[in-house]
Amino acid sequence: MEKQLKVDVTITVNDMFRFLLFHNYCRLSGIIGFVFGLACFVLGIIRYDATNTKFSVALLFIGFVFVVLQPAILYSKAKAQVKGNKALQGTLTYIFYEQGIDVCKEEQKATVLWSDIYKVVGLKTIILIYTNPVHANVISKRELGDDAKHIMEYAKEHLSRHQVKGK
């Protein structure tokens with residue numbers, strides 16, 4: 001009999017938010033934007049006593065946009081995505097086996113072959129199974145227990161070393 005692992009997962013707004021944070025801030029553009037915003041914040045605070053307060057306020061505003069507003073927008077986006085997408089509401093069943101992964105919701109089923117998976121990333125609270133550089137299935141570790149480790153082992157067995165990151 002073929003070895004398989006079946007897990008049921010519910011995606012929350014926080015799970016989707018973590019995905020969006022990871023996806024946006026683990027790229028060079030996200031890192032540069034965050035560092036730029038932080039630098040503007042710090043420079044705005046340091047220069048606030050200077051004669052040109054408009055410049056300091058502008059720096060503080062730019063810092064606020066990059067460091068505070070951007071994550072708030074991502075949270076809002078995550079909330080809208082989870083609430084507005086029927087495929088993400090309720091429980092999703094993932095079945096991992098030798099040929100690939102089945103994703104089931106009620107009577108609907110989609111199969112993704114291991115050869116079609118772009119990469120798998122294991123973060124502290126979620127596992128991301130990317131089907132291309134932009135789209136990923138988000139699996140919350142909160143409901144998995146030891147199955148999270150088994151999912152990552154499946155990925156390591158079926159994908160190349162550079163396609164699997166994290167634990």
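# Close-up views of a predicted model

**View 1. Q163 sits in the loop between α4 and β8 (164-166).** The model shown in this and the following views is predicted. Q163 has a relative accessible area of 16% and is therefore buried, the cut-off being under 20%. Leaving aside neighbours within four places in sequence, the residues in contact with Q163 are I117, Y118, K119 and V120.

**View 2. K3 lies in the segment before β1 (4-10).** With a relative accessible area of 44%, K3 is partly exposed. K3 and Y97 stand 94 residues apart in sequence, yet their C-alpha atoms are 6.2 Å apart in space. Y97 is also among the residues in contact with K3 once neighbours within four places in sequence are left aside. The others in that list are F96, E98, Y154 and E157.

**View 3. Helix α3 covers residues 53-84 and has a kink at L69.** The kink is about 40 degrees and comes shortly before the proline P71. How far apart are the end C-alpha atoms of helix α3? They are 43 Å apart. At 1.5 Å a residue, the 32 residues of the helix should span 46 Å, which agrees with that distance. The buried residues of α3 are S56, L59, G63, V67, P71, L74, A78 and V82. P71, the proline that follows the kink, is thus one of the buried residues. These buried residues pack against two helices, α1 (13-25) and α2 (28-46).

**View 4. D15, R142 and E143 form a network of salt bridges.** Side chains of opposite charge can pair when their charged atoms come close. The side chains of R142 and D15 meet in a salt bridge at 2.9 Å, N to O. This pair links distant parts of the chain, with D15 in helix α1 and R142 in the loop between β7 (136-140) and α4 (147-158), 127 residues apart. R142 also meets the side chain of E143 in a salt bridge, at 3.1 Å, N to O. Which members of the network are buried, and which are partly exposed? D15 counts as buried because its relative accessibility is 2%. R142 counts as partly exposed at 47%, and E143 is partly exposed at 35%.

**View 5. D102 and K109 meet in a salt bridge through their side chains.** The distance is 3.5 Å, N to O. D102 counts as buried at 7% relative accessibility, whereas K109 counts as exposed at 56%. The count of salt bridges in the model comes to three.

**View 6. The largest pocket holds about 600 Å³ of space.** It is lined by 27 residues, of which the closest to its centre are N85, L88, H135, A136 and N137. Which elements each supply at least two residues of the lining? They are the helices α1 and α3 and the strands β2 (91-97), β3 (100-105), β4 (108-113) and β7. The largest share of the lining, five residues, comes from α1. Helix α1 also appears in earlier views: the buried residues of α3 pack against α1, and D15, which pairs with R142, lies in α1.

Key: Residues numbered from 1 in each chain as written. Predicted model: local features only at pLDDT ≥ 70, side-chain atom pairs only at ≥ 80, totals over all residues. Heavy atoms only, no water. Helix = DSSP H or I, 4+ residues; strand = E, 2+ residues; numbered from the N terminus. Expected span 1.5 Å × (residues − 1). Bend = angle between axes of the 7 residues up to and from the residue. Buried < 20%, exposed > 50% of the residue type's maximum accessible area, 1.4 Å probe, protein only. Contact = heavy atoms within 4.5 Å. Salt bridge = Lys/Arg side-chain N within 4 Å of Asp/Glu carboxyl O. 1 Å grid on protein atoms, 1.4 Å probe; cavity = no way out; pocket = protein on both sides within 12 Å on 5 of 7 lines; lining within 4 Å. Points joined across faces, edges and corners; volume = space filled by probe spheres on them.
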